[in-house]
Amino acid sequence: MDDTTARERLESMQAELDRSIRVLTGDPVAVRERSAADAGSDLTDADRVQAMLDVAVAQRRAVSAALKRIDDGSYGQCVDCGKPVPDGRLEARPEAARCVHCQAKQERRR
Ligand SMILES: [Zn+2]
(Lines give C-alpha, C1' and ligand atoms only; values in the text may rest on other atoms or scores of the structure.)
Protein backbone atom coordinates (compact mmCIF):
# COMPACT_ATOMS: atom_id res chain seq x y z
CA MET A 1 0.00 0.00 0.00
CA ASP A 2 1.47 3.37 -0.95
CA ASP A 3 1.69 6.26 1.51
CA THR A 4 -0.97 8.33 -0.25
CA THR A 5 -3.55 5.57 0.04
CA ALA A 6 -2.52 4.85 3.61
CA ARG A 7 -2.80 8.53 4.53
CA GLU A 8 -6.26 8.81 2.97
CA ARG A 9 -7.50 5.76 4.81
CA LEU A 10 -5.97 6.86 8.11
CA GLU A 11 -7.39 10.36 7.77
CA SER A 12 -10.87 9.04 7.16
CA MET A 13 -10.51 6.66 10.11
CA GLN A 14 -9.39 9.58 12.22
CA ALA A 15 -12.41 11.66 11.19
CA GLU A 16 -14.70 8.74 11.95
CA LEU A 17 -13.08 8.17 15.36
CA ASP A 18 -13.27 11.87 16.20
CA ARG A 19 -16.97 11.72 15.47
CA SER A 20 -17.46 8.61 17.64
CA ILE A 21 -15.47 10.16 20.47
CA ARG A 22 -17.59 13.31 20.31
CA VAL A 23 -20.72 11.18 20.45
CA LEU A 24 -19.42 9.07 23.31
CA THR A 25 -18.29 12.06 25.35
CA GLY A 26 -21.73 13.52 24.88
CA ASP A 27 -21.35 16.43 22.50
CA PRO A 28 -25.04 17.43 22.23
CA VAL A 29 -25.03 17.96 18.47
CA ALA A 30 -23.31 14.64 17.82
CA VAL A 31 -25.63 12.82 20.21
CA ARG A 32 -28.61 14.20 18.34
CA GLU A 33 -27.14 13.07 15.01
CA ARG A 34 -26.49 9.65 16.42
CA SER A 35 -29.91 9.13 17.95
CA ALA A 36 -31.40 10.05 14.60
CA ALA A 37 -29.10 7.56 12.87
CA ASP A 38 -29.68 4.62 15.18
CA ALA A 39 -32.56 5.22 17.51
CA GLY A 40 -32.76 2.90 20.46
CA SER A 41 -29.01 2.62 20.91
CA ASP A 42 -28.09 2.16 24.50
CA LEU A 43 -26.30 5.42 25.29
CA THR A 44 -27.45 5.34 28.92
CA ASP A 45 -25.31 2.31 29.69
CA ALA A 46 -22.39 4.27 31.11
CA ASP A 47 -20.03 1.31 31.39
CA ARG A 48 -20.54 0.28 27.82
CA VAL A 49 -20.07 3.85 26.63
CA GLN A 50 -16.87 4.14 28.66
CA ALA A 51 -15.55 0.88 27.20
CA MET A 52 -16.33 2.04 23.66
CA LEU A 53 -14.71 5.38 24.42
CA ASP A 54 -11.54 3.68 25.67
CA VAL A 55 -11.33 1.66 22.47
CA ALA A 56 -11.99 4.70 20.28
CA VAL A 57 -9.40 6.83 22.10
CA ALA A 58 -6.76 4.07 21.90
CA GLN A 59 -7.44 3.59 18.21
CA ARG A 60 -7.41 7.33 17.61
CA ARG A 61 -3.95 7.39 19.19
CA ALA A 62 -2.77 4.49 16.98
CA VAL A 63 -4.12 6.20 13.86
CA SER A 64 -2.44 9.52 14.60
CA ALA A 65 0.83 7.72 15.39
CA ALA A 66 0.58 6.00 12.00
CA LEU A 67 0.03 9.37 10.29
CA LYS A 68 3.18 10.65 12.04
CA ARG A 69 5.10 7.64 10.73
CA ILE A 70 3.99 8.54 7.20
CA ASP A 71 5.35 12.05 7.80
CA ASP A 72 8.73 10.83 9.01
CA GLY A 73 8.98 8.11 6.37
CA SER A 74 8.91 5.10 8.67
CA TYR A 75 5.36 4.04 7.84
CA GLY A 76 5.05 0.36 6.98
CA GLN A 77 8.03 -0.65 9.12
CA CYS A 78 7.52 -2.49 12.36
CA VAL A 79 8.24 -0.10 15.25
CA ASP A 80 9.92 -2.92 17.18
CA CYS A 81 12.02 -4.91 14.71
CA GLY A 82 12.13 -2.47 11.76
CA LYS A 83 11.10 -5.11 9.26
CA PRO A 84 8.40 -4.23 6.74
CA VAL A 85 4.86 -4.85 7.93
CA PRO A 86 3.19 -7.03 5.26
CA ASP A 87 0.86 -5.19 2.89
CA GLY A 88 -2.04 -7.48 3.70
CA ARG A 89 -1.80 -6.52 7.34
CA LEU A 90 -1.72 -2.81 6.52
CA GLU A 91 -4.71 -3.27 4.24
CA ALA A 92 -6.66 -4.75 7.12
CA ARG A 93 -5.28 -2.39 9.76
CA PRO A 94 -3.62 0.69 8.28
CA GLU A 95 -2.78 1.88 11.80
CA ALA A 96 -0.79 -1.28 12.61
CA ALA A 97 2.55 -0.32 14.14
CA ARG A 98 4.03 -3.79 14.41
CA CYS A 99 4.43 -6.90 12.33
CA VAL A 100 2.28 -9.84 13.42
CA HIS A 101 5.20 -11.40 15.27
CA CYS A 102 6.03 -8.34 17.39
CA GLN A 103 2.35 -7.57 17.97
CA ALA A 104 1.87 -11.05 19.40
CA LYS A 105 4.85 -10.54 21.69
CA GLN A 106 3.47 -7.15 22.74
CA GLU A 107 0.11 -8.67 23.59
CA ARG A 108 1.68 -11.45 25.60
CA ARG A 109 3.51 -8.86 27.70
CA ARG A 110 0.26 -7.17 28.72
ZN1 LIG B 1 8.32 -6.66 14.15
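The zinc ion sits in a tetrahedral site, with angles of 104 to 116° among its four donor atoms. This is a predicted model, and in it the donors are the SG atoms of C78, C81, C99 and C102, at 2.3 Å from the metal. Along the chain, these donors follow the spacing C-x2-C-x17-C-x2-C. C78 belongs to the loop between α3 (46–72) and α4 (87–92), while C102 belongs to helix α5 (residues 100–109), so this pair ties together parts of the chain that are 24 residues apart in sequence.

How much of the zinc site is open to the outside can be judged from its cysteines. C78 has a relative accessibility of 4% and therefore counts as buried. C102 is buried as well, with a relative accessible area of 4%. For C99 the value is 12% relative accessibility, and this residue also counts as buried, since the cut-off for buried is under 20% relative accessible area. As for sulfur–sulfur links, a search of the whole structure turns up zero disulfides.

Stepping back to the fold, the chain is built from five helices and zero strands, giving the pattern α-α-α-α-α when read along the sequence. Of the 110 residues in the chain, 30% are buried. The accessible surface comes to about 7,000 Å², and carbon and sulfur atoms account for 51% of that area. Contacts reach well along the sequence: taking those between residues at least 6 apart, 55% join residues at least 24 apart.

Helix α5, which carries the zinc donor C102, has two faces to describe. Its buried residues are C102, Q103 and Q106. They cover an arc of only 100° around the axis, which means that they lie on the same side of α5. The general geometry helps here: an α-helix has 3.6 residues a turn, so residues three or four places apart point the same way. What do the buried residues of α5 pack against? Their partner is α4. The other side of α5 looks outward, with V100, H101 and R108 exposed there.

Away from the metal, A66 offers a view of how separate stretches of the chain come together. A66 is located in helix α3 and is buried, at a relative accessible area of 0%. Leaving aside residues up to four places away in sequence, A66 touches L10, Y75, P94 and E95. There is also a link in space to the start of the chain: A66 and A6 are 60 residues apart along the chain, yet their C-alpha atoms are separated by 9.0 Å.

P86 gives another example, this time from a loop. Like C78, P86 is found in the loop between α3 and α4. Is P86 buried or exposed? The answer falls in between, as its relative accessible area of 44% makes P86 partly exposed. The sequence separation between P86 and M1 is 85 residues, but their C-alpha atoms lie 9.3 Å apart in space.

Terms used:
Residues numbered from 1 in each chain as written. Predicted model: local features only at pLDDT ≥ 70, side-chain atom pairs only at ≥ 80, totals over all residues. Heavy atoms only, no water. Donors = N, O, S within 2.8 Å, 3.2 Å for Na, K, Ca; no water. Tetrahedral: all angles 85-135°; square planar, octahedral: opposite > 155°, others 65-115°. Helix = DSSP H or I, 4+ residues; strand = E, 2+ residues; numbered from the N terminus. Buried < 20%, exposed > 50% of the residue type's maximum accessible area, 1.4 Å probe, protein only. Contact = heavy atoms within 4.5 Å. Areas by Shrake-Rupley, 256 points an atom, 1.4 Å probe, with all protein chains shown as cover. Arc of directions from axis to C-beta. Disulfide = S-S within 2.5 Å.
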